Amino acid sequence: MLTLTDTAAQVIRDLSAQAMDSPDTGVRISSESDGTGSLVLSIVERPESTDKVVESEGARLFLDPQVVEMLDDKSLDADVDEGGGVAFLVTEQAP
(Lines give C-alpha, C1' and ligand atoms only; values in the text may rest on other atoms or scores of the structure.)
Protein backbone atom coordinates (compact mmCIF):
# COMPACT_ATOMS: atom_id res chain seq x y z
CA MET A 1 0.00 0.00 0.00
CA LEU A 2 1.27 3.45 -0.89
CA THR A 3 2.04 5.76 2.02
CA LEU A 4 2.78 9.46 1.87
CA THR A 5 5.33 11.23 4.00
CA ASP A 6 4.08 14.37 5.76
CA THR A 7 5.88 16.56 3.23
CA ALA A 8 4.45 14.74 0.21
CA ALA A 9 0.95 14.82 1.69
CA GLN A 10 1.23 18.56 2.34
CA VAL A 11 2.45 19.28 -1.20
CA ILE A 12 -0.40 17.26 -2.68
CA ARG A 13 -2.97 18.89 -0.36
CA ASP A 14 -1.65 22.33 -1.34
CA LEU A 15 -1.77 21.41 -5.01
CA SER A 16 -5.34 20.17 -4.80
CA ALA A 17 -6.81 22.47 -2.12
CA GLN A 18 -9.14 24.37 -4.42
CA ALA A 19 -10.06 21.32 -6.47
CA MET A 20 -11.08 19.05 -3.57
CA ASP A 21 -14.66 20.38 -3.40
CA SER A 22 -15.82 17.68 -5.80
CA PRO A 23 -15.53 13.96 -4.98
CA ASP A 24 -14.54 13.40 -8.63
CA THR A 25 -11.56 15.76 -8.40
CA GLY A 26 -8.10 15.03 -7.12
CA VAL A 27 -4.44 14.71 -7.99
CA ARG A 28 -3.62 12.21 -10.73
CA ILE A 29 -0.19 10.63 -10.55
CA SER A 30 1.02 9.20 -13.81
CA SER A 31 4.40 8.05 -15.07
CA GLU A 32 6.45 9.68 -17.81
CA SER A 33 6.31 7.79 -21.07
CA ASP A 34 10.06 8.26 -21.61
CA GLY A 35 10.90 5.30 -19.37
CA THR A 36 12.74 7.36 -16.72
CA GLY A 37 10.24 6.49 -14.01
CA SER A 38 9.52 10.18 -13.40
CA LEU A 39 6.15 10.98 -11.86
CA VAL A 40 3.76 13.61 -13.20
CA LEU A 41 1.15 15.18 -10.94
CA SER A 42 -1.89 16.92 -12.36
CA ILE A 43 -5.29 18.05 -11.10
CA VAL A 44 -8.10 16.13 -12.79
CA GLU A 45 -11.86 16.36 -12.52
CA ARG A 46 -12.50 12.69 -13.12
CA PRO A 47 -10.13 9.76 -12.89
CA GLU A 48 -9.50 7.52 -15.88
CA SER A 49 -11.51 4.30 -15.74
CA THR A 50 -8.27 2.39 -15.08
CA ASP A 51 -7.05 4.65 -12.25
CA LYS A 52 -6.92 3.42 -8.67
CA VAL A 53 -8.42 5.97 -6.26
CA VAL A 54 -6.52 6.38 -2.98
CA GLU A 55 -7.37 8.65 -0.04
CA SER A 56 -4.23 9.16 2.04
CA GLU A 57 -3.28 11.79 4.61
CA GLY A 58 -6.14 14.04 3.49
CA ALA A 59 -5.14 13.87 -0.17
CA ARG A 60 -7.19 12.23 -2.93
CA LEU A 61 -4.96 10.49 -5.46
CA PHE A 62 -5.77 8.89 -8.79
CA LEU A 63 -3.00 6.45 -9.72
CA ASP A 64 -2.58 5.14 -13.24
CA PRO A 65 -1.87 1.38 -13.54
CA GLN A 66 1.88 1.83 -14.14
CA VAL A 67 2.14 4.00 -11.03
CA VAL A 68 0.17 1.50 -8.93
CA GLU A 69 2.74 -1.13 -9.89
CA MET A 70 5.64 1.26 -9.27
CA LEU A 71 4.40 2.49 -5.88
CA ASP A 72 3.08 -0.75 -4.40
CA ASP A 73 4.50 -1.10 -0.87
CA LYS A 74 6.45 2.15 -1.28
CA SER A 75 6.48 5.57 0.35
CA LEU A 76 6.16 8.77 -1.63
CA ASP A 77 8.26 11.62 -0.31
CA ALA A 78 8.69 15.18 -1.54
CA ASP A 79 11.73 17.41 -1.47
CA VAL A 80 10.83 21.10 -1.72
CA ASP A 81 13.70 23.45 -2.59
CA GLU A 82 14.03 27.13 -1.64
CA GLY A 83 12.69 28.22 -5.03
CA GLY A 84 9.49 26.23 -4.52
CA GLY A 85 10.46 23.38 -6.84
CA VAL A 86 9.30 19.93 -5.83
CA ALA A 87 10.94 16.58 -6.50
CA PHE A 88 9.03 13.43 -5.59
CA LEU A 89 11.02 10.47 -4.30
CA VAL A 90 9.88 6.87 -4.13
CA THR A 91 11.39 4.77 -1.34
CA GLU A 92 10.87 1.28 0.06
CA GLN A 93 8.72 1.19 3.20
CA ALA A 94 10.41 0.07 6.36
CA PRO A 95 9.18 -3.37 7.51
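Colleague: Which residue forms a salt bridge with Arg 28?

Modeller: This is a predicted model, in which local features need pLDDT of at least 70 and side-chain atom pairs count only at pLDDT 80 or more, while totals for chains, interfaces and linings use all residues. Residues are numbered from 1 along each chain as its sequence is written, and side-chain values use heavy atoms, leaving out hydrogens and water. With a side-chain nitrogen of Lys or Arg required within 4 Å of a carboxyl oxygen of Asp or Glu, the count comes to one salt bridge. Its closest N and O atoms are 2.7 Å apart, and the partner of Arg 28 is Asp 51.

Colleague: How far apart in sequence are the parts that this pair ties together?

Modeller: Arg 28 belongs to strand β2 (residues 26-31); strands are DSSP runs of E, at least two residues, numbered from the N terminus. Asp 51 is in the loop between β3 (39-44) and β4 (52-56), so the separation is 23 residues.

Colleague: Is Asp 51 buried or exposed?

Modeller: Buried means under 20% relative accessible area and exposed over 50%, with partly exposed in between (1.4 Å probe, protein chains only). Its partner Arg 28 has 16% and is buried. Asp 51, at 10%, is likewise buried.

Colleague: Which strands stand at the edges of the sheet?

Modeller: The four strands form an open sheet of mixed pairing in the order β3-β2-β5-β4, two strands being paired if DSSP finds at least two bridges between them. Each edge strand has a single partner, so one side of each lacks a neighbour in the sheet; these strands are β3 and β4.

Colleague: Which residue of β5 stands opposite Lys 52?

Modeller: β4 and β5 (residues 59-63) run antiparallel and are joined by five bridges. Opposite Lys 52 stands Leu 63.
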